[in-house]
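Thank you all for making time this morning. I would like to walk through one model with you, beginning with its metal sites and then moving on to the spaces inside and around the protein.

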Amino acid sequence: AAKQGGRDRAVPFSHALLDAAHERAELAADLRYAVGAGEMHVVYQPLVDLARDRTVGFEALVRWQHPQRGNVPPAVFVPIAEESETILEVGEFVLDTALAAAARFGGDVEVSVNLSGQQLLRPGLADLVAGRLRHHGVEPSRLCLEVTESAAVADLAAAREVLGGLRALGVRTALDDFGTGYSSLSYLRRLPVDILKVDKSFLDDVAEESGVAVLSGIVELARALGLVTVAEGIETDQVRSLVASAGCTWGQGYLFARPLTEDAAVEHLRQNERWRRTTA
Ligand code: C2E
Ligand code: MG
Ligand code: MG
Ligand code: MG
């Protein structure tokens, strides 16, 4: 870019860029020890059945408490971890922690775990998952594994096979962040998934009439394919009712709850059940 600008329009050397690269390298190095050092933990965000106003499960979300930098968000460190095998260690930690939590939640409460692209394509994933389910004594049907559209589309044939293998175990599968990537409806038809998670960016348009029409169309299509839809990032009552009227099955968002610690999630379930019994 500096050259293109010509001699007298040369772009000055950027310390900001160097800092960003330097910081990434530093985080990558720190990440290698993070799981072993106990710096990672998992939080749980309720998944709510919109028609019955009931928590049916939780999405497990990883958190990294860096000893010097404090909380580093997964949107920052997951992509860095993805560049090395560190993501596999993080992924196994989250799966194991979430299944231990699922055993504690009990009942038919579902726990949903995000899979990285590397985990998805790693041979032996289904065996690993089956082993951890047995270890924690959790029914396969109570586990859902989420893959993003971009990870699934990166190697569609492999993704189909792996997702099919997970489903054969009785585990549910979800396509995450639908609408942010390729969003091709043909991919949707060809991927063995049970749940479609509609990205928050769709909900941001839902207050406009055309936004509701688009969402209703997606929900209808999903239903025709036998999929359950989850609307991500519901922050207001207005969006909640629009999403419900569009026919979405489940919702997730700050309106219902922020991601909770395991103890707070157990308490949330208890409150949710009590409230249901007194209003039923
Ligand atoms: P995601 O899987 O789409 O997770 C939903 C994200 O939306 C979470 O951000 C959640 O806290 C946030 N969210 C939920 N409700 C609302 C809302 O009402 N408003 C807004 N603005 N945001 C809301 P989080 O926890 O920061 O995670 C970001 C992304 O990092 C996740 O997006 C997922 O792609 C990735 N991630 C998180 N945990 C893991 C993990 O254990 N493994 C992998 N591979 N990726 C993970
Ligand atoms: Mg997710
Ligand atoms: Mg998502
Ligand atoms: Mg999302």
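Let me begin with a question: which residue bridges the magnesium ion (ligand 4) and the magnesium ion (ligand 3)? Before I answer, please keep in mind that what you see is a predicted model. The bridging residue is D177, and the two ions that share D177 lie 3.0 Å apart. For the magnesium ion (ligand 4), the coordinating atoms come from D177 (OD) and D199 (OD), at 2.4 to 2.7 Å. These two residues bring together distant parts of the chain, since D177 sits in strand β6, residues 172-178, while D199 is in the loop between β7 and α9 (200-203), 22 residues apart. As for their surroundings, D199 counts as buried because its relative accessible area is 13%, which is under the 20% limit, whereas D177, at 23% relative accessibility, counts as partly exposed.

Turning now to the magnesium ion (ligand 3), its coordination involves D176 (OD), D177 (OD), and E232, which appears twice through OE, at 1.8 to 2.7 Å. Along the sequence, the spacing of these donor residues reads D-D-x54-E. There is a second shared residue here as well: D176 coordinates both the magnesium ion (ligand 3) and the magnesium ion (ligand 2), and these two ions are 3.5 Å apart. D176 itself counts as buried, at 5% relative accessibility.

D176 also takes us to the next topic, the largest pocket, which holds about 1100 Å³ of space. Its lining is made of 37 residues, and those closest to its centre are E59, L61, P74, N114 and D176. Several elements give two or more residues to this lining, namely β2 (54-66), α2 (74-81), α3 (86-105), β5, α6 (149-154) and β6. Of these, β2 gives the most, with five residues. If we sort the lining by class, we find 14 nonpolar, 12 polar and 11 charged residues.

Besides that pocket, how many cavities of 30 Å³ or more does the structure hold? There is one, and the space in this largest cavity comes to about 30 Å³. Its lining consists of L47, E110, S112, C144, E146, A174, I195, K197, V230 and W250. The elements that give two or more residues to this lining are β4 (110-114), β5 (143-148) and β7 (195-198). By class, the lining of the largest cavity has six nonpolar residues, one polar residue and three charged residues.

Finally, I would like to look at a single residue in helix α3, namely V90. Is V90 buried or exposed? V90 is buried, because its relative accessible area is 3%, well inside the cut-off of under 20%. Once its neighbours within four places in sequence are set aside, V90 is in contact with V35, M40 and V62. V62 is 28 residues from V90 along the chain, and the C-alpha atoms of V90 and V62 are separated by 8.4 Å.

To come back to the metals, the point I would leave you with is that D176 coordinates both ligand 3 and ligand 2, while D177 bridges ligand 4 and ligand 3.

Terms used. Residues are numbered from 1 along each chain as its sequence is written. Chains are lettered from A and ligands numbered from 1 in the order in which they are written. This is a predicted model: local features need pLDDT of at least 70, side-chain atom pairs count only at pLDDT 80 or more; totals for chains, interfaces and linings use all residues. Side-chain values use heavy atoms; hydrogens and water are left out. Donors are N, O and S atoms within 2.8 Å of the metal (3.2 Å for Na, K and Ca); water is not among the atoms, so sites may look incomplete. Buried means under 20% relative accessible area, exposed over 50%, partly exposed in between (1.4 Å probe, protein chains only). On a 1 Å grid over the protein atoms alone, a cavity is a set of points where a 1.4 Å probe fits but cannot get out, and a pocket is an open set with protein on both sides within 12 Å along at least five of seven lines; lining residues have an atom within 4 Å of a point. Grid points are joined across faces, edges and corners, and a volume is the space filled by probe spheres set on the points. Helices (H or I, at least four residues) and strands (E, at least two) are DSSP runs, numbered from the N terminus. Ala, Val, Leu, Ile, Met, Phe, Trp, Tyr, Cys and Pro count as nonpolar, Asp, Glu, Lys and Arg as charged, and the others, Gly among them, as polar. Contact means heavy atoms within 4.5 Å.
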